[in-house]
Amino acid sequence: MGTLLKIILFAVLFYYIFKGIFRFLFPYLITNQAKKMQKKQEQAQRDYFNKQRQEEGKVTIEYDSSQKQSRKNRGDEGEYVDYEEVK
């Protein structure tokens with residue numbers, strides 16, 4: 001009977017300690033994470049607006065190297081085949 005009482009007492013004590021720690025720690029963690037996310041969002045917004053401010057009339061073309069190679073290797077793309085839709 002004494003061992004069961006110790007286990008129950010330990011569980012209740014652990015519960016209240018855990019609850020007390022999270023009462024103060026959890027809001028701090030959430031606000032810290034929210035501040036980090038806000039900074040990331042602000043940086044992304046600045047990057048977007050800076051990209052939009054490029055010189056007017058300036059055209060930039062960015063190629064993906066994998067697409068460029070696949071175009072060369074394709075060769076003949078084939079011919080068009082007309083089809084009829086069956087209902």
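1. The chain exposes about 9,700 Å², and carbon and sulfur atoms supply 58% of that area. The model is a predicted one, and this holds for every point below.

2. The secondary structure is simple to list: two helices and zero strands. Of the 87 residues of the chain, 0% count as buried. A reader looking for residues under the 20% limit of relative accessible area that defines burial should keep that figure of 0% in mind.

3. How many aromatic pairs does the chain have? The count comes to six. One of them joins Phe10 and Phe14, with 6.4 Å centre to centre and 25 degrees between the planes. This pair is stacked, because planes under 30 degrees apart count as such. Phe10 and Phe14 are four residues apart in helix α1, which spans residues 2-52, so about one helical turn separates them. Phe10 itself counts as exposed, because its relative accessibility is 58% and the limit for that class is over 50%.

4. Is the ring pair of Phe18 and Phe22 stacked or tilted? The centres of these rings are 4.7 Å apart and the planes stand at 55 degrees, so the pair is tilted. Phe18 and Phe22 also belong to helix α1, and a spacing of four residues puts them about one turn of the helix apart. Phe18 has 45% relative accessibility and therefore counts as partly exposed. Phe22, at 35%, counts as partly exposed too.

5. The ring pairs connect further along the chain. Phe10, Phe14, Phe18, Phe22 and Phe26 are linked by them into a cluster.

6. The five residues of that cluster, Phe10, Phe14, Phe18, Phe22 and Phe26, also appear in a nonpolar patch on the surface. Which other residues form the patch? They are Leu13, Ile17, Ile21, Leu25, Tyr28, Leu29 and Ile30. Together the residues of the patch have about 1,200 Å² of accessible area.

7. Tyr28, one of the patch residues, is placed in helix α1. Tyr28 counts as exposed because its relative accessibility is 53%.

Notes:
Residues numbered from 1 in each chain as written. Predicted model: local features only at pLDDT ≥ 70, side-chain atom pairs only at ≥ 80, totals over all residues. Heavy atoms only, no water. Buried < 20%, exposed > 50% of the residue type's maximum accessible area, 1.4 Å probe, protein only. Areas by Shrake-Rupley, 256 points an atom, 1.4 Å probe, with all protein chains shown as cover. Phe/Tyr/Trp six-rings, centres within 6.5 Å; stacked < 30°, edge-to-face > 60°. Patch = residues over 30% accessible without salt bridge, like charges linked within 9 Å, V, L, I, M, F, W, Y side chains within 5 Å. Salt bridge = Lys/Arg side-chain N within 4 Å of Asp/Glu carboxyl O.
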